[in-house]
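Biologist: I've got a model open and I'd like to talk it through with you. Can you take my questions one at a time?

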Amino acid sequence: MKILVEGIPSAGREIDVGLGDPWAVEAAAVALDGPPSALRGQIGVRRATTKGVVLVDVSVTASARATCDRCGEPCLRTTTADSHLLYAPEEKGTEAYDGGEVELEAEDLDLGWYTDGEIILDDVLREALTLALPSRTTCADTQECDKRTDALLDAARGSSDPFAALRGWKPRTGEG
Ligand SMILES: [Zn+2]
């Protein structure tokens with residue numbers, strides 16, 4: 001999906017992203033290391049300056065099947081990109097991006113480059129989703145994941161686990 005910078009209306013443009021968009025599915029599949037089972041969000045583009053600097057807002061969530069890093073059961077890996085990036089035309093190099101006009105906005109924003117007057121949203125989305133990946137993939141159901149992880153640890157320790165007797169212990173309440 002290419003966005004022609006010249007063609008971006010002055011109010012900006014919103015691009016909906018979903019499982020029906022093959023380019024977005026492909027980008028998410030690379031980021032998540034597998035085909036996404038869920039993909040939803042928007043990418044907003046608007047010109048930040050008259051010199052071709054474009055502000056790109058990515059707000060997209062994607063999920064794919066993965067394996068839990070703790071218990072090893074199948075689970076979902078979800079990444080939520082919420083990024084704001086500036087893109088400047090590469091051809092004009094430092095002349096186009098001389099600080100000045102976009103300095104204030106650029107302070108907090110990463111700057112990327114585009115060529116041939118086009119921003120390739122595939123790359124934008126893939127990078128945003130990859131950067132937002134959680135460092136660990138674990139089950140959404142933490143309690144069940146804990147149980148399975150405990151069982152795995154018990155099995156690894158064998159019967160010599162000194163805490164085995166305590167595992168079922170619960171504090172008594174409402175008595176006395
Ligand atoms: Zn788990």
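**Pairs, packing and odd phi values**

Modeller: Let's start inside the sheet: glutamine 42 stands opposite serine 59 in S4. Bear in mind that this is a predicted model.

Biologist: In what order do the strands of the open sheet run?

Modeller: The sheet is an open one with 5 strands and mixed pairing. S2 and S6 each have a single partner strand, so they stand at the edges and one side of each lacks a neighbour in the sheet. From one strand to the next the twist averages 25°. The order is S2-S3-S4-S5-S6.

Biologist: What angle does the direction of H4 make with that of S4?

Modeller: Two helices pack on this sheet, so take H1 beforehand: H1 touches S2, S3, S4 and S5, and its direction makes about 115° with that of S3. H4 also touches S2, S3, S4 and S5. Its angle with the direction of S4 is about 60°.

Biologist: How many bridges join S3 to S4?

Modeller: S3 covers residues 36-47 and S4 covers residues 54-67, and the two run antiparallel. One of the pairs is valine 45 with valine 56 as its bridge partner in S4. The hairpin has 6 residues between the strands, and glycine 52 in the turn has a positive phi of about 95°. The number of bridges is 11.

Biologist: And which residue takes a positive phi in the hairpin of S4 and S5?

Modeller: S4 and S5 (residues 74-89) pair in the antiparallel sense over 14 bridges. Within that pairing, arginine 65 stands opposite leucine 76 in S5. There are 6 residues between the strands of this hairpin, and the one with phi near 85° is glycine 72.

Biologist: How far apart are the axes of H1 and H4?

Modeller: Two packed helices are described by the angle between their axes and the distance between the axes. For H1 (residues 22-32) and H4 (residues 121-131), the angle is about 35°. The crossing is right-handed. As for the distance, the axes are 8 Å apart.

Biologist: Which residues of H4 does H1 meet?

Modeller: On the H1 side the residues are Trp23, Ala24, Glu26, Ala27, Ala28, Val30 and Ala31. By class, the contact has 8 nonpolar, 1 polar and 3 charged residues. The H4 partners are Asp122, Leu125, Arg126, Leu129 and Thr130.

Biologist: Valine 25 caught my eye. With which residues is valine 25 in contact, leaving aside its neighbours within four places in sequence?

Modeller: Valine 25 has its place in helix H1. It has 16 other C-beta atoms within 10 Å, and that count makes valine 25 partly exposed. From valine 25 to leucine 39 is 14 residues in sequence and 7.4 Å in space, C-alpha to C-alpha. The contacts of valine 25 are Leu19, Pro36 and Leu39.

Biologist: Is aspartate 116 buried or exposed?

Modeller: Aspartate 116 lies in the loop between S6 (110-114) and S7 (118-120). Its phi is near 60°, a positive value in a residue other than glycine. A residue counts as exposed with 12 or fewer other C-beta atoms within 10 Å. Because aspartate 116 has 12 C-beta neighbours inside 10 Å, the label is exposed.

Biologist: Where is aspartate 33 placed?

Modeller: Here too the phi is positive, about 60°, although aspartate 33 is not a glycine. With 13 other C-beta atoms within 10 Å, aspartate 33 is partly exposed. Its place is in the loop between H1 and S3.

Biologist: How many residues of H5 are buried?

Modeller: H5 (residues 142-157) has 16 residues, so at 1.5 Å a residue the helix should span 22 Å, and its end C-alpha atoms are indeed 22 Å apart. Glycine 158 follows H5 with a positive phi near 75°. H5 is hardly covered, and the count of its buried residues is 0.

Biologist: Last one: what share of the 176 residues in the protein is buried?

Modeller: The protein has 5 helices and 7 strands, following the pattern β-β-α-β-β-β-α-α-β-β-α-α along the sequence. Of the contacts with a separation of 6 or more, 69% are between residues 24 or more positions apart. The buried share is 23%.

Terms used:
Residues are numbered from 1 along each chain as its sequence is written. This is a predicted model: local features need pLDDT of at least 70, side-chain atom pairs count only at pLDDT 80 or more; totals for chains, interfaces and linings use all residues. Helices (H or I, at least four residues) and strands (E, at least two) are DSSP runs, numbered from the N terminus. A residue is buried if 20 or more other C-beta atoms lie within 10 Å of its own, exposed if 12 or fewer, and partly exposed in between; C-beta atoms are placed from the backbone. Two residues are in contact if their C-beta atoms, placed from the backbone, lie within 7 Å. Axes are lines fitted to C-alpha atoms, for helices over the stretch in contact, and angles run from 0 to 180 degrees between N-to-C directions. A crossing is left-handed if the near helix is turned anticlockwise from the far one by less than a right angle, and right-handed if clockwise. Ala, Val, Leu, Ile, Met, Phe, Trp, Tyr, Cys and Pro count as nonpolar, Asp, Glu, Lys and Arg as charged, and the others, Gly among them, as polar. Two strands pair if DSSP finds at least two bridges between them. The expected span of a helix is 1.5 Å times one less than its number of residues.
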